[in-house]
Amino acid sequence: MLCGASFNVKEWISILRSRAKASGFHYAEILEDDHVKFIMKHDMGMKWSIYFQTYYISSFSMLGCDAEFSITNNTVSYRINKKDYDPDDA
């Protein structure tokens, strides 16, 4: 996360979305029943998938948000409960 900054989950996801799009990564949010799934395709290999996963796990944990992760060579996906992030909330 950013040093000295205070965020909630919705703000943090907004930052992740903006960074992914600025980097030219494919980014998608998929609404499920009680969860939201996020998929980021980066084409940078497994080491970067592991890096992103580790960084995101730490960040979401610091925000008190449980996230389920899955990675491949070029994709990071995570799923969080809508109680922690509901894109329909204004």
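This dialogue goes through the strands and helices of a predicted model.

Visitor: How many strands form the sheet, and in what order?

Guide: Sheet order is read from which strands pair, and two strands count as paired if there are at least two bridges between them. In this predicted model, 4 strands make an open sheet, ordered β1-β2-β4-β3, with antiparallel pairing. The twist from one strand to the next averages 15°.

Visitor: Which strands stand at the edges?

Guide: β1 (26-31) and β3 do; each has a single partner strand, so one side of each lacks a neighbour in the sheet.

Visitor: How many bridges join β2 to β4?

Guide: β2, residues 35-41, is joined to β4 by 7 bridges, and the two run antiparallel. For one residue pair, take Ile39, whose bridge partner in β4 is Ser77.

Visitor: What joins β3 to β4?

Guide: A hairpin connects β3 to β4 through 3 residues. The strands themselves, β3 at residues 67-71 and β4 at residues 75-81, are antiparallel and share 5 bridges. Ile71 has Val76 of β4 as its bridge partner.

Visitor: Which strands does helix α1 lie across?

Guide: For a helix on a sheet, contact means heavy atoms within 4.5 Å. Helix α1, residues 9-22, lies across β1, β2 and β4 and runs at about 145° to β1.

Visitor: And which strands does helix α2 touch?

Guide: Helix α2 (residues 46-62) packs on the sheet and touches β2, β3 and β4. The direction of α2 makes about 175° with that of β3.

How values were computed:
Residues numbered from 1 in each chain as written. Predicted model: local features only at pLDDT ≥ 70, side-chain atom pairs only at ≥ 80, totals over all residues. Heavy atoms only, no water. Axes fitted to C-alpha atoms, helices over the stretch in contact; angles between N-to-C directions.
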